[in-house]
Amino acid sequence: MGPCFSRLRIPVSASTPPNTLESARIDWSDPAAPVSAQFDDVYFSKHDGAAETDYVFLQHNHLPSRWADHPRRHFTVAETGFGTGLNLLVLWQRFNAHCEQHPEAHCQRLHFVSFEKYPLSVTDMSRAHRQWPQFEALAAELRAHYPPATSGCHRLVLQGGQVVVDLWFGDVLEQLPTLDGGNSGIVDAWFLDGFAPSKNPDMWQPVLFNEMARLSRPDATFATFTAAGIVRRGLKDAGFDVEKVPGFGRKREMARGRIAAGQTASAPAPQTPQSAVIVGGGLASAATALGLVRRGVAVTLCSQDRGPAQGASGNRQGAIYPLLNQADDGLSRFYQQAFPLARQSLLDMVAAGHTVAHDLSGVLQLSIDDKSQDRLRALAEVGFPSEVAHGVDAQTASSIAGVPLTRGGLYYPLGGWLCPAQLTHALLTEAQNSGLLTLAYGHAMTGLQYDGQNWQLSFEGASALSSPLVILAMGHRSSGFEATAPLPLNPVRGQISYPKARAITGELKTVLCADGYLVPADEGRLTCGASFGRGDDSSDWRDADRDEIAQRMNRSFGREGWDEELELDDSGRAAVRAAVRDHLPLVGPVPEWDTLAEWQPGEPLPNQPGLHLLTGLGSRGLCSAALCAELLVSQLMDEPRPQSQEQQARLAPGRFWVRKRLKGQPVSR
């Protein structure tokens with residue numbers, strides 16, 4: 001399926017900029033025309049800003065007429081300056097009207113990519129949205145999933161997946177060059193917005209126009225409210241045909257145009273998949289299946305188990321919060337971007353009527369000694385947005401937790417717990433509702449061979465399948481075949497216990513993490529754990545593991561005086577997770593092992609055609625599965641990716657061999 005070589009180029013070197021963002025400062029003296037304090041310019045026209053958006057950006061990009069015969073399943077709009085989200089709301093409403101009027105049209109999905117250097121708070125955004133009551137239902141959904149202000153891409157999956165928004169927080173001139181341009185561009189129309197060139201000269205630079213050209217599809221158009229000479233000349237120099245037309249209202253002129261013939265990538269885009277086979281039965285495979293069927297792909301999901309979530313995804317409760325570190329490096333940023341989408345996925349399933357036990361009442365990370373206390377204090381001083389994480393003292397921690405605590409720690413207000421088994425079931429049920437998902441339980445895969453055109457999958461009992469596209473989401477078993485044997489996957493066995501809630505522990509309101517973790521009661525039982533057995537792929541129950549959990553609970557909460565209530569019995573379970581030594585998942589195509597030794601930095605990485613991975617989520621699958629699935633599906637469908645090229649390289653299954661080659665070391669299977 002698709003080309004043998006990925007177009008994603010592995011960067012030879014990359015630096016990590018500081019993850020600091022300044023929030024928008026707004027002058028609300030005139031509520032109908034809020035002014036940016038950073039740029040001394042209005043966010044939208046007080047003379048009907050929605051009408052201006054429709055005139056400038058939709059009409060002059062020839063929307064909605066282009067949607068009727070658009071050849072792809074999705075249409076992508078990119079915008080330079082998200083602001084209050086007004087352009088999105090106008091576009092979204094018009095797209096919905098188009099889909100309702102033209103249900104036969106091939107294009108039924110909208111993808112919106114936007115950049116914002118100074119993100120608004122949800123409070124300011126809500127205040128701005130009062131100006132347009134006609135968009136309130138859409139605006140409410142946008143605000144409900146609006147992410148914390150951390151740099152990089154934040155994916156919002158709206159309206160059941162029909163509308164996808166990628167919000168890139170940070171300087172557009174720094175963010176645009178990091179985007180993956182896909183096989184032949186990713187953008188169909190540009191909303192060249194942002195404050196006026198006279199107010200915001202730093203944005204209207206050649207790098208902006210050149211990156212627009214790089215990311216444009218062959219038929220891409222643009223429109224902008226300004227007709228300033230520096231903008232028109234910059235666009236022409238970058239390869240756009242430009243013309244001036246009458247502006248909106250009192251504005252005399254504006255500019256519009258399209259990418260000139262021959263300016264975009266000449267390589268033909270590969271055919272997007274019509275069908276796929278996913279092997280696995282947990283949260284990762286369920287999220288991937290839902291992502292694919294939402295894009296019109298027929299999926300067969302095969303699992304060796306007799307039902308969903310029989311392995312590591314089968315726990316009653318699991319904590320969900322981002323993994324942060326003091327370096328605020330690629331690892332930390334990945335989880336900062338993954339966490340809001342994971343939280344959204346849960347809430348969307350609940351809103352759709354699926355039963356998923358959960359309580360997003362926060363997570364408290366506590367110290368167990370001076371070293372861990374210093375680490376938590378350092379994390380609190382990094383400067384993460386307060387809704388992501390902030391430090392609390394013992395009194396505040398006790399109030400949050402509902403049980404007495406003798407020390408403070410780091411509080412993740414948006415975190416909490418959920419039932420992984422029920423979430424997996426909900427995702428699969430939602431995917432089945434599309435009519436495009438076939439579930440094949442009791443299918444233990446024994447063989448995987450490529451015949452030059454399709455992958456041949458064999459199963460116990462002599463059954464078989466053939467598919468040009470196969471996605472392995474089998475945890476540590478994903479490396480059990482000749483085509484995947486070199487993958488650096490390690491089984492890590494973990495055991496949890498479900499003690500009964502007692503007088504004090506029954507009052508626990510938030511997840512506590514220290515040497516182990518303790519989750520508030522659900523149906524009278526708490527969850528605590530976990531033991532970790534590296535290299536152990538057995539899921540049997542052992543007394544030694546229960547003893548280890550008891551020791552972890554004592555080290556974590558022994559000083560509090562209520563740990564004696566944690567009486568462990570045989571009500572827990574053990575499961576095996578797949579871990580990778582750099583603590584990041586494996587997401588993307590499987591390398592062509594025999595040609596890796598010949599790969600040169602700067603070239604596309606050689607991959608096996610149609611064989612992809614989503615595994616290695618370790619103990620953080622609740623946080624990372626949703627983003628990993630969206631990234632993989634976006635790669636397969638040649639849509640805008642929700643991760644930078646650098647971050648995709650960090651997640652690529654062949655990254656360890658690439659690193660060796662970059663260091664000049666020999667590479668072998």
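Me: Does Arg155 count as buried or exposed in this predicted model?
Reply: The model is predicted, and the relative accessibility of Arg155 in it is 3%. A residue counts as buried when its relative accessible area is under 20%. Because 3% falls under that limit, Arg155 is classed as buried.

Me: Which residue forms a salt bridge with Arg155?
Reply: Side chains of opposite charge can pair when their charged atoms come close. For Arg155, the closest N and O atoms of the pair are 2.8 Å apart, and a salt bridge requires such atoms to lie within 4 Å. Arg155 lies in strand E7 (residues 152-158), whereas its partner lies in strand E8 (residues 163-169), 11 residues apart. That partner, with a relative accessible area of 0%, is buried; the residue is Asp166.

Me: Which residues are linked with Arg155 and Asp166 in a network of salt bridges?
Reply: The structure holds 30 salt bridges. Some of them form a network that includes Arg155 and Asp166. The other members of this network are Arg109, Arg295, Glu630 and Glu639.

Me: How many residues apart in sequence are the parts that Glu52 and Lys251 tie together?
Reply: The side chains of Glu52 and Lys251 meet in a salt bridge, with 3.2 Å from N to O. Glu52 belongs to helix H1 (residues 49-58), while Lys251 sits in the loop between strand E11 (240-246) and strand E12 (253-259), so the pair connects parts whose separation in sequence is 199 residues.

Me: Which of the two residues, Glu52 or Lys251, is buried?
Reply: Lys251 has a relative accessible area of 40% and is therefore partly exposed. Glu52 has a relative accessibility of 12%, and the limit for a buried residue is under 20%. The buried residue is Glu52.

Me: What is the relative accessible area of Asp188, the salt-bridge partner of Arg72?
Reply: Arg72 and Asp188 form a salt bridge in which the closest N and O atoms are 2.8 Å apart. Arg72 is in the loop between H1 and strand E5 (74-80), and Asp188 is in strand E9 (residues 187-192), 116 residues apart. Arg72 counts as partly exposed at 23% relative accessibility. Asp188, by contrast, is buried, and its relative accessible area is 0%.

Me: Which helix supplies the largest share of the lining of the second largest cavity?
Reply: The second largest cavity has a volume of about 170 Å³, and 14 residues line it. Helix H8 (283-293), helix H9 (330-351) and helix H14 (621-637) each supply at least two residues of this lining. The largest share is 5 residues, and the helix that provides it is H9.

Me: How many nonpolar residues are in the lining of the second largest cavity?
Reply: Among the residues nearest the centre of this cavity are Leu290, Ala626 and Glu630. By class, the lining has 3 polar and 3 charged residues. The number of nonpolar residues is 8.

Me: Which residue takes a positive phi in the hairpin of E22 and E23?
Reply: Strand E22 (residues 445-450) and strand E23 (residues 455-459) run antiparallel and are joined by 5 bridges. Within this pairing, Gln449 stands opposite Gln456. The hairpin has 4 residues between its strands, and the residue with a positive phi near 100 degrees is Gly452.

Me: Which strands are the edge strands of the open sheet with the order E15-E20-E16?
Reply: This open sheet has 3 strands with antiparallel pairing. Strand E15 is joined to strand E20 (residues 416-418) by 3 bridges, and Ile320 stands opposite Gly416 in E20. Each edge strand pairs on one side only; these strands are E15 (318-320) and E16 (358-359).

Conventions: Residues numbered from 1 in each chain as written. Predicted model: local features only at pLDDT ≥ 70, side-chain atom pairs only at ≥ 80, totals over all residues. Heavy atoms only, no water. Buried < 20%, exposed > 50% of the residue type's maximum accessible area, 1.4 Å probe, protein only. 1 Å grid on protein atoms, 1.4 Å probe; cavity = no way out; pocket = protein on both sides within 12 Å on 5 of 7 lines; lining within 4 Å. Points joined across faces, edges and corners; volume = space filled by probe spheres on them. Nonpolar A, V, L, I, M, F, W, Y, C, P; charged D, E, K, R; others polar. Pairing = 2+ DSSP bridges.
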